[in-house]
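Got the viewer open? Let's take a walk through this one, a selection at a time.

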There are 2 protein chains.
Amino acid sequence: MGENNFIYEVSDFSLENDELMLNETLFHNANGYLGVRSNFEEGYPIDFQSIRGEYINGFYDFVEMKQAENLCGLTEEKQTMLNVADTQGIRLSLDDEEFSMFTGTVLQSSRTLDMEKGITLRRVVWRSPKGKEVEITIIRMASFVLLPLFTIEYRVKALNFSGTLHFHSTHIGSVLNYCDPSDPRVANETFQHLLAGKAEFVDNASVISSHTSKSALHVTSAVKNLLSKPAKEERIKRDSTAIQKFTVETEADETVTLTKYTVLCDSIRYSDCRAAALEHLEKAVSSPLADWYSLQEQYLRKYWESCAVHVKGDDELSNAITYNLYQLIQSVGKDPHSNIAAKGLSGEGYEGHYFWDTEMYIQPYFLLTQPQIAKNLIEYRYTTLDAARENAQILGHKSGALFPWRTIMGKECSGYFPSGSAQYHINGDIAYSVINYFLLTKDIEFIARCGAEIVFETARLWMDVGNISGGKFLINSVTGPDEYTCLVNNNYFTNVLAQHNLNWAVKFYRLLEEKKLLTPVKEKIGLTKSEITDFRRAAEIMYLPYEEEMDINPQDDSFLSKKLWDLKKTPQKDFPLLLHYHPLYLYRHQVCKQADTVPAHFVLEDAQPLSTMKHSFNYYERVTTHDSSLSTCIFSIMASRLGMPEKAYDYFGKSSELDLFNTHKNTKDGIHTANMGGTYMAIVYGFGGLRIKEDGLHLAPALPEQWTEYDFKIHDEDSLIQVLVKKQSCEITLLNGTEKTVFLYGRSYLLKDRLQLPLEDWGKS
Amino acid sequence: MGENNFIYEVSDFSLENDELMLNETLFHNANGYLGVRSNFEEGYPIDFQSIRGEYINGFYDFVEMKQAENLCGLTEEKQTMLNVADTQGIRLSLDDEEFSMFTGTVLQSSRTLDMEKGITLRRVVWRSPKGKEVEITIIRMASFVLLPLFTIEYRVKALNFSGTLHFHSTHIGSVLNYCDPSDPRVANETFQHLLAGKAEFVDNASVISSHTSKSALHVTSAVKNLLSKPAKEERIKRDSTAIQKFTVETEADETVTLTKYTVLCDSIRYSDCRAAALEHLEKAVSSPLADWYSLQEQYLRKYWESCAVHVKGDDELSNAITYNLYQLIQSVGKDPHSNIAAKGLSGEGYEGHYFWDTEMYIQPYFLLTQPQIAKNLIEYRYTTLDAARENAQILGHKSGALFPWRTIMGKECSGYFPSGSAQYHINGDIAYSVINYFLLTKDIEFIARCGAEIVFETARLWMDVGNISGGKFLINSVTGPDEYTCLVNNNYFTNVLAQHNLNWAVKFYRLLEEKKLLTPVKEKIGLTKSEITDFRRAAEIMYLPYEEEMDINPQDDSFLSKKLWDLKKTPQKDFPLLLHYHPLYLYRHQVCKQADTVPAHFVLEDAQPLSTMKHSFNYYERVTTHDSSLSTCIFSIMASRLGMPEKAYDYFGKSSELDLFNTHKNTKDGIHTANMGGTYMAIVYGFGGLRIKEDGLHLAPALPEQWTEYDFKIHDEDSLIQVLVKKQSCEITLLNGTEKTVFLYGRSYLLKDRLQLPLEDWGKS
């Protein structure tokens with residue numbers, strides 16, 4: 001791992017409410033299954049806002065979503081990720097004085113995220129109003145090894161006194177989700193989604209089993225508190241709350257530690273979640289905490305080995321990259337019941353929903369570094385394929401599947417369809433990720449079992465959506481990625497992805513036929529040869545908007561004829577525009593929330609000559625606000641591709657620091673996982689020039705002038721390849737596996753051991 | 001009035017629930033200020049549905065309208081027309097047997113609407129379970145002369161017995177609106193909008209004053225019951241309910257009559273509505289009811305004289321026309337606080353909202369027949385001009401006014417903006433109605449006071465909405481009249497109306513300047529000469545979509561490239577399509593809910609050659625479902641214009657019978673006032689070929705072959721003109737006023753006294 005800095009720390013941190021809420025996100029603990037926001041165990045003063053939450057990936061309730069006018073087929077029920085319990089609570093008193101950072105004097109404080117160890121740490125030296133000084137060190141971990149486990153190690157060292165310590169550890173079953181009626185990006189009303197049962201004590205552990213109000217799901221939280229020395233204990237049960245109190249004498253300089261184990265098990269994964277919770281809790285406490293720490297570190301060592309990107313020359317950015325990659329492994333689901341939410345498990349923004357972010361911003365990272373996780377993300381989509389078929393019917397289609405724009409369990413959750421359900425490109429995005437998975441892994445069995453069915457059903461949908469007019473296959477009345485331009489005809493991004501989807505439906509058909517793997521899927525979905533002929537024909541005559549004079553691909557049929565938005569004249573307070581302008585006003589202008597045609601040129605670059613991509617980039621750059629967190633990373637990649645290294649570096653910087661610097665001002669609601677994947681992509685696909693194509697891996701490395709060198713590792717089928725980029729040259733090394741053909745700056749090489757080549761000005765060609 | 005049949009009657013009418021609810025609408029009483037549905041005084045059995053209501057035009061409460069996703073500027077509060085009281089209740093007992101049409105035996109029954117007298121009548125001969133026979137005759141009237149007055153004359157004649165009659169007359173203040181969660185066209189939830197005060201008795205009248213929950217409006221209902229002979233009386237007050245009971249002895253063959261006067265006064269019109277109600281009630285009872293009947297008949301005599309259309313040859317259609325014209329005078333507001341609702345005052349469909357229906361379907365009728373009412377409809381819009389300015393700001397515009405798509409008091413009420421607020425053409429429609437009002441009345445003072453300000457402010461809005469591209473003025477991202485095609489660019493209807501609006505802003509500017517009337521309005525709104533130059537330029541270069549090969553005007557830029565909907569293959573059960581297909585699916589197809597380009601050719605026929613209008617008509621006819629009630633009348637007019645008399649007659653028939661035959665299956669929720677205006681238009685603008693143009697009135701009469709003749713009268717400035725169309729010839733007679741230039745089949749004539757000309761095949765030219 002070399003020079004990477006795995007520590008993210010703030011010292012003498014602010015107790016401003018906004019800052020606290022931001023840090024609740026930035027220091028959260030998660031493992032892809034559960035996530036716990038970094039709330040103070042003891043809470044804040046009563047007048048402070050806090051998003052206090054513990055979440056399970058994919059655990060939801062249904063919520064009614066009333067439409068202002070009832071139109072046929074509009075979504076009237078969504079899913080929302082639930083806050084499942086509050087097991088964070090620990091209150092400490094020194095004799096009769098209760099610890100709070102808002103009373104007495106904070107002499108020292110720091111919060112640390114250690115990404116090598118997989119823990120967070122809060123350290124406080126505090127002087128009580130009466131003058132007692134104490135050092136408190138709190139270590140938290142969401143275990144990557146035992147997914148239902150979250151631990152708090154709460155160490156108290158009396159510095160200048162001996163006396164009585166009182167620990168008051170709470171376990172609360174009845175919790176609510178956060179709401180903010182003024183922000184469309186978080187839930188706007190709260191409701192008792194979780195009906196908590198009575199707290200019980202089982203072998204010294206408190207256990208609370210709850211069920212959801214509408215989705216008929218169950219969850220059990222089990223908590224065990226262990227004190228490092230004998231103490232007077234008291235247990236209290238009050239409805240769905242359990243409290244354990246410890247009263248213990250301490251000497252000056254002695255450290256007393258309370259270890260609090262939380263286990264969360266849900267009925268999605270466990271048929272008897274109460275039994276499973278007790279079993280996992282038993283397993284957790286049967287080993288010393290140090291062992292779990294050690295396993296955590298081992299897990300992360302492997303992770304960093306497989307994915308690590310090393311950058312020399314810009315420490316700040318380098319740290320931001322490490323932070324982002326850590327958040328991705330914290331956020332991503334490890335089983336087919338879950339995916340990766342827009343905010344991971346760090347907060348309630350976008351209500352725990354999964355979007356196209358997965359396929360276009362996160363999958364490209366895991367595919368290269370952890371193909372197993374990339375595969376699981378597709379497995380998740382496959383489990384929701386029947387729901388996607390139903391969704392297609394709701395939207396009026398006779399056949400095929402249409403994946404929902406936002407969802408947890410597979411049903412559509414977007415309440416405003418013009419920038420939700422209408423984003424049909426999600427079908428192309430999912431197909432694209434299946435195709436890329438296949439291209440890199442050659443895992444034809446997986447294609448036969450899951451992937452092809454997805455690609456066939458999404459291809460069928462395009463056939464029902466589109467129509468032939470003037471000899472061209474058109475796709476009308478859909479919305480592309482850019483949410484400031486809705487319900488358009490022939491969105492370039494959509495059409496070119498649909499073409500790719502259709503082409504690969506044909507290719508998979510042939511491939512599976514060759515391998516004698518076609519029959520099961522063919523029969524299952526009643527696919528006919530003539531459909532394949534239609535797919536091929538539609539792909540051939542797919543209409544891709546092109547404007548000759550400017551040599552650009554218009555975003556859609558009418559984009560260029562709209563009024564140009566003058567971004568330079570728009571006051572800063574008006575951003576993001578979506579919070580200040582009626583959607584109709586935005587739709588009427590040439591103004592983009594995010595990259596739209598530009599990412600199409602990234603993902604399918606061979607569809608257009610370089611000049612068209614360059615002119616398009618220049619054109620769209622002028623009208624894009626980057627109000628979406630999905631935008632700057634793509635602009636960075638394409639700036640690299642088009643020979644604009646400074647621009648690439650600038651966009652990359654904006655992308656990589658989005659959460660750490662809270663540049664979108666909503667990190668309190670959670671991290672932006674897609675942007676974090678995008679940061680990686682800006683390096684590997686951007687500076688590294690990596691593309692996954694049918695003929696093999698393509699690379700076209702460039703070195704940002706701010707850097708002295710960088711390297712990354714990628715998986716390609718059975719091989720692990722390292723790419724090291726230095727001033728003037730790059731080295732491609734086959735770390736293990738069989739030899740591979742790789743393309744460098746468009747020329748093919750057989751990679752047997754190591755290739756060393758001078759850097760080229762690829763984008764300028 | 002000649003042969004017109006002013007009686008609409010059903011005998012031995014059905015007691016099926018659906019039929020009863022339909023008749024609640026068809027036999028309602030209204031006068032443009034108040035409306036009372038034709039509920040049975042005694043009610044229906046408990047398990048029957050009923051929409052029991054009394055309404056005041058323009059009296060509303062605010063209702064929260066939650067959006068599924070909060071986006072900037074979306075409407076989150078609407079207005080809804082309130083049910084204000086229930087003063088219909090009269091229960092009758094013959095000794096100990098209570099009258100109900102659902103017990104005993106109905107020996108005879110009839111319901112009658114007498115449109116000459118302005119009353120409705122229910123007549124029942126009933127035999128009680130014990131054999132008492134009684135004739136009950138109930139006459140109801142909403143007075144056109146004393147607008148707050150509604151009367152029920154309840155006559156009881158004992159046929160075969162003498163005994164005791166008990167009358168039980170109720171006055172209920174606490175009432176709800178009807179709701180149906182399954183139908184987007186009526187309110188989907190109910191709420192206690194009206195907070196009724198305690199009932200009181202003042203001089204033998206019951207009085208209830210209520211106020212609204214949110215809009216801070218007040219209403220008082222006052223009721224007086226007078227019995228035709230001395231009786232034992234009892235008065236009961238219970239919260240917001242007042243009951244008056246009469247016990248009286250009757251002989252066989254004697255008629256006992258209870259007369260119930262209701263007065264409704266609201267705080268919109270009266271500063272002290274309780275005092276006003278008592279005053280009006282006093283006035284009402286101070287004259288015999290017969291006098292009010294007589295005044296009612298006088299009022300209607302004048303009405304029928306001014307508007308009557310006489311048709312010979314098709315009695316059924318002729319009766320339907322009379323019915324429709326009667327409903328229009330019942331529905332239209334007579335003061336600037338009110339307009340004409342989509343359902344008039346006959347029911348709660350569309351919640352009492354005013355739409356573009358006013359300007360495009362109803363104003364053209366009143367303008368020719370009752371210019372004073374046409375003027376009032378514009379006055380109403382003028383009172384809401386400030387709200388329209390605010391609405392423009394909400395939609396992002398820096399200047400100008402945008403009238404709301406649906407409203408009562410001027411604020412937008414559409415919850416789903418793509419087929420609501422996005423229908424910017426309402427601005428052009430309102431301007432068009434101002435222009436036509438001026439062309440026909442030459443009332444320049446009114447233009448200086450109100451009309452020009454509307455036309456200038458709407459013109460300003462087009463300047464902010466549109467943009468110049470490729471040398472053309474474009475209007476992007478709006479919705480035309482057709483609600484199956486939303487958020488499009490350059491909707492032909494919108495653009496051609498905007499052009500007209502802009503042109504007339506220039507013309508009014510010059511006219512007012514000439515007449516020295518410009519300064520006040522110019523200064524009030526800060527209008528500049530350079531704006532006028534811009535208006536003219538924009539109108540000159542207005543882009544009007546045209547497809548050369550087919551010689552048609554495309555509905556919008558992309559309509560023709562969409563998938564053709566196969567209406568012939570669509571099962572009947574799928575209509576109206578909006579209840580069975582997701583809007584996105586509809587938007588993706590060439591399918592129209594209603595006429596869109598076709599009405600543009602009607603209202604501004606000189607914008608295109610006849611061939612283009614003909615080809616367009618043929619094209620759109622194939623893709624129009626007429627799921628809207630605003631459609632067939634326009635197709636009829638244009639079929640007349642284009643020389644397709646049979647088609648014109650067929651569409652005319654569909655339009656004229658819509659409510660009487662309940663062809664849209666929702667007349668229970670109220671009549672379709674726009675369609676009723678459209679029926680008139682199909683005759684006068686359709687068969688009569690009338691157009692109001694800058695150079696004068698144009699006529700091009702044709703006679704449907706089913707008719708032997710027809711005639712109608714129209715006002716033109718200071719003149720009243722009669723048009724009589726017979727086989728082979730037409731006669732234009734100046735009934736009074738000064739001579740006028742009129743155009744017949746495109747040729748100008750000076751109408752001094754009478755013109756007689758042979759009919760021509762105008763449309764085929």
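Before the first click, one cut-off: two residues are in contact if their C-beta atoms, placed from the backbone, lie within 7 Å. Bear in mind too that this is a predicted model.

**Stop 1: a core residue.** Select A:Leu34. Leaving out residues up to four places away in sequence, A:Leu34 touches A:Glu54, A:Tyr55, A:Ile56, A:Ala142, A:Leu147, A:Pro148, A:Phe150, A:Leu264 and A:Leu345. Now widen the selection: the largest nonpolar core has 459 residues. A:Leu34 is among those with the most contacts inside that core, along with A:Val455, A:Ala505, B:Leu34, B:Val455 and B:Ala505.

**Stop 2: the two chains.** Colour by chain. What superposes chain A on chain B? A rotation of 179° with 0.0 Å of shift along its axis does, with an RMSD of 0.1 Å. That is the relation of a two-fold axis. To find your way to the axis, pick A:Gln67: of the residues of chain A, its C-alpha comes closest, at 2.8 Å.

**Stop 3: the interface.** Show the contacts between the chains: 42 residues of chain A meet 42 residues of chain B. On the chain A side, the elements that give two or more residues are strand 21 (467-469) and helix 13 (583-587). Click on helix 13 of chain A for the largest share of that side, 4 residues. Colour the chain A side by residue type and you get 20 nonpolar, 16 polar and 6 charged residues. The copies meet through the same surface, because 100% of the interface residues of chain A are also interface residues in chain B.

**Stop 4: a helix in chain A.** Select 315-331 of chain A, which is helix 4. Its 17 residues reach 24 Å from first C-alpha to last, close to the 24 Å expected at 1.5 Å a residue. Is helix 4 of chain A largely enclosed or open? Of its 17 residues, 15 are buried, so helix 4 is largely enclosed by the rest of the structure.

**Stop 5: strands 12, 17 and 18 of chain A.** Start with strand 12 (163-172) and strand 18 (241-250) of chain A, an antiparallel pair with 10 bridges. Label A:Ser169 and you'll find A:Gln244 of strand 18 opposite. Then add strand 17 (232-238) of chain A, which pairs antiparallel with strand 18 over 7 bridges. Here A:Arg238 faces A:Thr241 of strand 18. Strands 17 and 18 of chain A make a hairpin with 2 residues between them, and A:Asp239 in the turn has a positive phi of about 50°.

**Stop 6: an open sheet in chain B.** Hop across to chain B for an open sheet of 4 strands, ordered 2-3-4-5 with antiparallel pairing. Strand 2 (29-30) and strand 5 (77-83) of chain B are at the edges with a single partner strand each, so one side of each has no neighbour in the sheet. Inspect strand 3 (34-36) and strand 4 (54-64) of chain B, which are joined by 3 bridges. B:Val36 sits opposite B:Glu54 of strand 4.

**Stop 7: both senses on one strand.** Finish at strand 30 (740-744) of chain B, which pairs parallel with strand 26 (696-699) over 3 bridges. Its pairing with strand 31 (747-751) of chain B is antiparallel, over 5 bridges. B:Phe743 is the residue to label: B:His698 stands opposite it, and B:Phe743 also stands opposite B:Ser748 of strand 31. Strands 30 and 31 of chain B form a hairpin with 2 residues between them; B:Tyr745 in the turn has a positive phi of about 50°.

Terms used
Residues are numbered from 1 along each chain as its sequence is written. Chains are lettered from A and ligands numbered from 1 in the order in which they are written. This is a predicted model: local features need pLDDT of at least 70, side-chain atom pairs count only at pLDDT 80 or more; totals for chains, interfaces and linings use all residues. Copies are superposed by least squares on the C-alpha atoms of residues with pLDDT of at least 70 in both. A nonpolar core is a set of buried Ala, Val, Leu, Ile, Met, Phe, Trp, Tyr and Cys residues joined through C-beta atoms within 7 Å. A residue is buried if 20 or more other C-beta atoms lie within 10 Å of its own, exposed if 12 or fewer, and partly exposed in between; C-beta atoms are placed from the backbone. Ala, Val, Leu, Ile, Met, Phe, Trp, Tyr, Cys and Pro count as nonpolar, Asp, Glu, Lys and Arg as charged, and the others, Gly among them, as polar. The expected span of a helix is 1.5 Å times one less than its number of residues. Two strands pair if DSSP finds at least two bridges between them.
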